[in-house]
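Ready for some practice in reading a protein structure? Open the sequence and the model side by side, and try each task before you look at its solution.

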Protein chains: 2
Amino acid sequence: MREYKISDKMVSIKPSAIREIFKALSDPSVISFAAGNPSPDAFPLGQISELSKIVYEKTPVLALQYGITEGYAPLVEKIRLRMKDKFNIDCGNDTTIIVAGGQQGIDLTSKVMCDEGDVVLCEKPTFIGALNAFKANGAIPVQIESNFDGISIEKLEKALIEYKNAKIIYLIPTFQNPSGSTLSLEKRRAVLALAKKYGVIILEDNPYGELRFRGEELPTLKSLDNGGGSVVYCSSFSKIIAPAIRVGYLSAPSELASKIIVAKQVSDVHTNIYFQLICDLFLERYNIDEHIEKIRVLYKDKCLLMLGEMNKKFGNTGIKYTEPDGGLFLWCDLPESIDLSEFVKLCLERKAAVVPGGTFLADEREASRSFRVNFSYPSNEQIIAGVDILARSAMDLLRGQ
Amino acid sequence: MREYKISDKMVSIKPSAIREIFKALSDPSVISFAAGNPSPDAFPLGQISELSKIVYEKTPVLALQYGITEGYAPLVEKIRLRMKDKFNIDCGNDTTIIVAGGQQGIDLTSKVMCDEGDVVLCEKPTFIGALNAFKANGAIPVQIESNFDGISIEKLEKALIEYKNAKIIYLIPTFQNPSGSTLSLEKRRAVLALAKKYGVIILEDNPYGELRFRGEELPTLKSLDNGGGSVVYCSSFSKIIAPAIRVGYLSAPSELASKIIVAKQVSDVHTNIYFQLICDLFLERYNIDEHIEKIRVLYKDKCLLMLGEMNKKFGNTGIKYTEPDGGLFLWCDLPESIDLSEFVKLCLERKAAVVPGGTFLADEREASRSFRVNFSYPSNEQIIAGVDILARSAMDLLRGQ
């Protein structure tokens, strides 16, 4: 058997524990609180199918021939206008491009900004796909303690002083994955000030920002930066249209964007044009805000149902949980007396899947007492039955001691 | 104005000269021999539009929800069977995955195999997208003299001895981009023996292999390796269905493939599912070989028309040109008395665009007297008018001396 030498930057990245859980999910009787999937009820199937006909009738060659790496220009323009009108993001000094989902924005930004050994500062816990993207580009993710109002400003500044080679502060400021937390306005201003003071870029990952179902809208870091050149902003249509279309967007200072475009060109040439055209037509012919409003109501109902069930059933378990104002996730802490891996295993045996907190740490072996729960994907019946499994499993483990 | 520090691996990659030419192509009066685009007449528009309806009727949620990184399993299986039946490629020891076009296969393979400073040996000239992918992953492309029967075996072995950190031999063995050359059977065997002797992997990039319109089929390096674990094989549906769908595939020894899957997951999560389903249905419901046969006839006619025109008009210019047996490109050498950049400029002023040879060199500043001509994309009328412009421009430059 031939052996292969894997590059240093890739050899350390293990297929995540989350993948093992996903295998279990192929069993349809398992209730999945584990995925980060939007609800299929949120997909605008009828509209996409209609728009598809229009694409093939009116612009079939455009949809199928090679296009430019930057993306379909009319879609880019509509995104820029919408960001300006709706989120007060003025990309006057920026270049906005289409990427193959938000993940690619994270990957390309770190590829362009990080040399091997450079540091990316991020929340603890944070999105596993981002942690692995940083590692795959030779960078080292360093996680900073974060609470329900976001990253610790004091510890972030300490880290900026300690790590002279920190290049990026990676944040999911709104309805964070996995914690469901949202960075407070005060902290948003403070993070931005630190980025300017220490000359690092903030990579603002905002896939869930439009999924607020209660509380007040907060300005994005990008809008607070107001064209100051300190923020690369990534978002996508994955959570508001559908994820498998793989259409996201990125807005970055033009000097950085020009390199990100080159990096994208060598990565996949361009994002599939067909779904860029579908998104463009959707923005032109339908009211996407009305569509998003429906998703917000759907997820609000699911989240409140889940929180209600947890409130009823977690009382004696000692499990604590966050109460997010939007997004897809909430975050639970087990009491010290329950072992996380035993708990996750027992729940899975009883057909409910959650993701253990270690998955969201740069070093997966680090101890964790937390787990992530998704409320967008399971049905209402599954939410009720699944929370019951979590509660019973916790009680049984407590009693078993 | 804020300044940004770009990573070492990306800072050296300049937007290629080819991009400047592409800007000129937005002028519809310019005859493009410059692009690598398939003919839009080769797109199976009717079939794709039909299959699209089926996808939205039968499996809409599958088409729009997150999928697995490896790709849609039934499509992967059909590709494996077709590779076996048609090209004698037995992927028994391999894992086959879907990638976002052949480009992503090149990018991910080099990411997984190359540390910074490692060497990738490749043809001179070769595909600019591959050269930049190697650089973007910190590797150094080293080009080996190549002729119309492919890479020089003697010089390849010298390079393998010289560069102990060579990890990959990157080849487009059939209808090479840009030269249109095809690696002879004898040389295929020799390259494979060298890869085994020196413990390096061959990355076989085969996007054009099915576009042979004359001469005998040659076995792929992958089939000659016969499960020996020395070849990563990349191909795609870009040139036989349509490029903007961004569906390619890669077959690699499973140990490597498992890392390539992780690298893909952090790069773009998965390839858009909709066009994976379209490709799967196409293979199921239509005869793709009949469809490819039509493309071969179309490109044969275009290529022979172009060669006929060159034969008529290049006689006094001293321009030499290759006569490929398939693919999209042929390769021309100017006589020493004509300056390449003056020639390219004059042709562009006269509304015919070709790509100067330097574009396909690891160091673009290196001298070249060659240029690439594409015959798949221009219409027959454009081929006749365009070759005339090339001939007249060459004659005028010769006379002007």
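Below are four exercises, each followed by a worked solution.

This is a predicted model, so local features need pLDDT of at least 70 and side-chain atom pairs count only at pLDDT 80 or more, while totals for chains, interfaces and linings use all residues. Residues are numbered from 1 along each chain as its sequence is written, chains are lettered from A and ligands numbered from 1 in the order in which they are written, and side-chain values use heavy atoms, with hydrogens and water left out.

**Exercise 1. Trace the eight-stranded open sheet of chain A and find its edges.**

Step 1. Helices (H or I, at least four residues) and strands (E, at least two) are DSSP runs, numbered from the N terminus. Two strands pair if DSSP finds at least two bridges between them.

Step 2. Walk across the sheet in chain A: you pass β2-β9-β8-β7-β6-β3-β4-β5, and the pairing is mixed.

Step 3. Now for the edges. β2 (94-99) and β5 (150-151) of chain A each have a single partner strand, so one side of each lacks a neighbour in the sheet.

Step 4. Zoom in on one pair: β3 (residues 119-124) and β4 (residues 140-147) of chain A run parallel and are joined by six bridges. There, A:Cys122 sits opposite A:Gln143 of β4(A).

Step 5. Add a helix. α8 (residues 153-162) of chain A lies across β3, β4, β5 and β6 (166-171) of chain A, at about 160° to β4(A). Such angles run from 0 to 180 degrees between N-to-C directions, with axes as lines fitted to C-alpha atoms, for helices over the stretch in contact.

**Exercise 2. Describe the contact between chain A and chain B.**

Step 1. Count residues: chain A brings 81 and chain B brings 79. Contact means heavy atoms within 4.5 Å.

Step 2. Look at the area: about 6600 Å² is buried between chain A and chain B, and carbon and sulfur atoms give 57% of it. Buried area is the accessible area (1.4 Å probe) that two parts lose on being put together, summed over both.

Step 3. Look for salt bridges (a side-chain nitrogen of Lys or Arg within 4 Å of a carboxyl oxygen of Asp or Glu). Four cross the interface of chain A and chain B. B:Lys111 makes a salt bridge with A:Asp107, with the closest N and O atoms 3.5 Å apart.

Step 4. Check the helices on the chain A side: α11(A) gives the largest share of what touches chain B, 10 residues.

**Exercise 3. Find which parts of chain A are linked by the salt bridge of A:Lys78 and A:Asp280.**

Step 1. Check the distance: the closest N and O atoms of A:Lys78 and A:Asp280 are 2.7 Å apart.

Step 2. Place the residues: A:Lys78 is in helix α5 and A:Asp280 in helix α12 of chain A, and 202 residues separate them, so to speak, along the chain.

**Exercise 4. Hunt for unusual backbone geometry.**

Step 1. Most residues other than glycine have a negative phi, and most peptide bonds are trans.

Step 2. Which bond joins A:Lys124 and A:Pro125? A cis peptide bond, with omega about 5°. A:Pro125 belongs to the loop between β3 and α7 of chain A.

Step 3. In chain B, a cis peptide bond joins B:Asn177 and B:Pro178, where omega is about 15°.

Step 4. A:Asn226 is not a glycine, yet its phi is positive, about 55°. You'll find A:Asn226 in the loop between α10 (221-225) and β8 of chain A.
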